[in-house]
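Here is a short set of exercises to work through with the model open beside you. Try each task before reading its solution.

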Amino acid sequence: MERMFPGIPICIPNPYCPLAFEDFGGEVEDAEACSASPMYHRSIVVMEVGTYQQWENLEGREVIASPQVARATKMALQAYSYPGAEATARARAALQVSPICPEAYVVLAVHSSSYEEALAFFRLAEGQGLQVVQPGIADEALETDDDLWGRVVLRAWIRGVYGVGNTLRKLGRYREALERYEVLVRHCPRPNTHSSFCNFHAHMPELWYRVHGPEECLKRVRSSSSGSSCLSASVPRVHGDCLHPLASTTCELNSCQVPWLYNLALANYVTGVERGVGLVSGGAFQGSQGSQGMLREALNGAAAVLAVTQNPHVVDYLTGDRKMPRGRIPQSMGPSDSPMQAALYAKDCRDLWEGVPGAIPYILRLRNTMSAAEQLILAGRSPSAPFDAALVEKCFRGGVLPNSAVTGLPNSGSLLGAAAILERPEAPALVRLLLEQGAKVAPTPGSPQPLTPLHLACYYGAEPEVVRLLLEHGGDAFSMSSSRFGPVQPPIAMACNQGNPRELDVILEHCPELANPTGSRPALTAKGAALLEGCLIELLRTSVLPCVKGKAKCQRCTSGDAAHGPHVSFEGCVDAVVRHGLRPSTPLLKKLQRIVKDSQPTWGNKLAKDLLEYFLKTAAAAGPAAGAGSGTAGASGSASSSSSSTAAGAAGAAGPAAEPPPEGDPSGWSVAQLKRFLAGSAVDTSQCIEKSQLVDLCRPLLEARAAAAAAASAAAAAAQPAAGAGAGAASGDANGAGAARATERRCALCRAPHRQDGGRLRVCTGCQRAWYCSKACQRKHWGAHKAACNR
């Protein structure tokens, strides 16, 4: 065989069936697009050696019209394997043996110099194709055979009909071309598995679209018996030593996949069937549901996704980002994901896409979406996984479908959600680009996915700038939602129960009900105080606290979800709620003590108790909450407070005047002294049974006040004039600082050295620097003292 057909690897013919003078028509060198495989060969038409063998077997039998026809046909079959003039000479020599030789006319058509000349030769092949057998045999085959390609002696007729239809298609005479293709469909209704079968089915959607329009095209695809076969990826059946060495990768029958999927995608787009939201990964159908599943999903709106999955290079040719190559079109077909198939499709059908406004930008955005999603999926599997940030940024800048859900992306399946939890320094910039593209922060109404990007950012621990961007673009940190599994916590609760202080702090900064540490917002409101209390309660109750402390694993860790991030800190979360104004009160402490008592035994109770003590110490060190307000952290600004309102007095900016604490270690104080001291700090002692418990509560408060007094003294000393120590002693009446430095304490308002009943002056519990002879003087002096007390 190699002697008779030199240099011919057996592989799938290109459905384009290029003529000798045809090329891609481009201007750039692109060897990748101009070769079908590493086994690219020099023959003009890929030939099935088995056809020659079967003609040899049939020679001399009555089925053939004459011995001369058999000899001429074998000569023409050998001519396929020779280039140019030699192939033409052999074809004409075959016609000298027998004027009835359709294979010879096919060879002459392939080596023609124009479409018109080729069309004339193909018509002769079609006219003679049924004359190579005895009368009646061809008619019987046309009526009874459901796959005429199996009749080897009639293959020249099929080549002739295909040649006529394909040439008319190239000339733009689409209606005439479709008539010839429909003849072929009747007699070869399915893509054939023989290696020399030229798959004319590849052009059917294009012709249906051009002749009948997109809606009729979709209808015909649905009713086509060859539809699912055209999306098959099976390897063709070849014989013995004729098997192509690269058959598993180059001899694909899916020479139909690219033109079918892209033309269906265009028809879907025009008719409004193509879905840009709720995308599905194309690879899932080929493996799990086969070609039937692919066709069903393509017709249901996923054709573009499947097309881009199969061959993303097509988009580059449609947009012009990749220029058409210069060079001959290969006779054999490359893999379905090759640039060769992409360039061939663009040569045939780019005008269809250009004729539909918005179609090319849509397919480009979809390709960018899928390319970016692929990188985000890889990055989501592991922080150390390869991640091409430049490619993702290029895709985002080039335009994406920002609100599409892509299978494989974590949790919500949205690009924004995946970018929000990206553990990379590029995350804020990528999130910003998506928001500029119109990505929605709020969930789509009716969406089955209740988790928003802000939920994910707060749960997994995103960069603070990402949380800030999401909030500034409409993210709701307090919204409750539900899923089929039950209620879904708001993002702020997720930040608390996962111990993410950076995310929590950003949310609290954007909450108008909370006191702003910088003083640019009004004071804490009752609603804000309740919100902060809820945060603290969530911090004490969560099962993540024991998990990050090395105790029992939480549900997140046992379910195989992503590990807790490096910034997790429940103490940091406590710092955030204190910084934004939460202070202890009697009702709050009772509630928190019950929560601690009801927490999990042993380690859970101990950890929650430790966190509560940390809160008390931190709140005492922070001093009163900024400004005046109501609720557990509100400020009273009054020296008069009854025993029923210790909470307001303790959290107030000035608070009630109290006796100076006894000297020395609190363990030496009496129970009454300990309780009086703690009452001035709004700490609930009702649950304390032993003196040691009172002492433990006093120690962090004393330490915090001592540190605050030392800082205040240092600041006051630094502010004194360099000349004259008496200036400082004589100038301190308005804010109480001068009285604190005097050798004899006096009321900050009336300058009295003692109370009216002769008792000692009482100190402001807010700053421990101003002294008053009565509650009335403290109330009157509050307006002047407030600024100094809050510093």
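**Exercise 1. A cysteine in a loop**

In which loop is Cys-747 found? Place this residue, then list its contacts.

*Solution.* Before starting, note that this is a predicted model, in which local features need pLDDT of at least 70 and side-chain atom pairs count only at pLDDT 80 or more, while totals for chains, interfaces and linings use all residues. Residues are numbered from 1 along each chain as its sequence is written, and side-chain values use heavy atoms, with hydrogens and water left out.

Step 1: Cys-747 lies in the loop between helix 36 (737-741) and strand 4 (762-764). Helices here are DSSP runs of H or I with at least four residues, strands are runs of E with at least two, and both are numbered from the N terminus.

Step 2: Cys-747 is buried, at a relative accessible area of 0%. Buried means under 20% relative accessible area, exposed over 50%, and partly exposed in between, with a 1.4 Å probe and protein chains only.

Step 3: Leaving aside neighbours within four places in sequence, Cys-747 is in contact (heavy atoms within 4.5 Å) with Ala-752, Leu-761, Trp-771, Tyr-772, Cys-773 and Cys-777. For Leu-761, 14 residues away along the chain, the C-alpha separation from Cys-747 is 7.2 Å.

**Exercise 2. Another cysteine**

Is Cys-17 buried, exposed or partly exposed? Find its segment and its phi as well.

*Solution.* Step 1: Cys-17 sits in the segment before helix 1 (49-58).

Step 2: With a relative accessible area of 25%, Cys-17 is partly exposed.

Step 3: The phi of Cys-17 is near 50 degrees, which is a positive value in a residue other than glycine. For a glycine with positive phi, look just after helix 23, where Gly-474 has a value of about 105 degrees.

**Exercise 3. Two helix pairs**

At what angle do helix 3 and helix 4 pack? Repeat the analysis for helix 26 and helix 29.

*Solution.* Two packed helices are described by the angle between their axes and the distance between the axes. Axes are lines fitted to C-alpha atoms, for helices over the stretch in contact, and angles run from 0 to 180 degrees between N-to-C directions.

Step 1: Helix 3 (residues 84-97) packs on helix 4 (residues 102-110) at about 155 degrees, and their axes are 9 Å apart. That makes the two roughly antiparallel; the label applies to angles over 145 degrees, whereas under 35 is roughly parallel, 65 to 115 roughly perpendicular and the rest oblique.

Step 2: Helix 3 passes helix 4 in a left-handed crossing, in which the near helix is turned anticlockwise from the far one by less than a right angle (clockwise would be right-handed).

Step 3: Helix 3 contributes Ala-87, Thr-88, Ala-91, Arg-92, Ala-94 and Leu-95 to the contact, and helix 4 contributes Ala-104, Tyr-105, Val-107 and Leu-108.

Step 4: For helix 26 (residues 526-541) and helix 29 (residues 570-579), the angle is about 170 degrees and the axes are 10 Å apart. This pair is therefore roughly antiparallel, and helix 26 passes helix 29 in a left-handed crossing.

Step 5: Leu-532, Cys-535, Leu-536 and Leu-539 of helix 26 meet Phe-570, Cys-573, Val-574 and Val-577 of helix 29.

**Exercise 4. The largest core**

Which residues touch the most other members of the largest nonpolar core? Then follow Tyr-262 outward.

*Solution.* Step 1: A nonpolar core is a set of buried Ala, Val, Leu, Ile, Met, Phe, Trp, Tyr and Cys residues joined through side-chain atoms within 4.5 Å. The largest has 106 residues, and Val-221, Tyr-262, Leu-264, Trp-353, Ile-363 and Leu-366 touch the most other members.

Step 2: Helix 15 (residues 290-310) gives the most to this core, with 10 residues.

Step 3: Beyond its neighbours within four places in sequence, Tyr-262 has contacts that include Ala-307, Val-308, Tyr-345, Trp-353 and Ile-363.

Step 4: A second, separate core has 84 residues, among them Val-392, Leu-434, Leu-540 and Ile-595.

**Exercise 5. A buried alanine**

What is Ala-342 in contact with, leaving aside its neighbours within four places in sequence?

*Solution.* Step 1: Ala-342 belongs to helix 17 (residues 339-354) and is buried, at 0% relative accessibility.

Step 2: Its contacts are Asn-311, His-313, Val-314 and Tyr-317.
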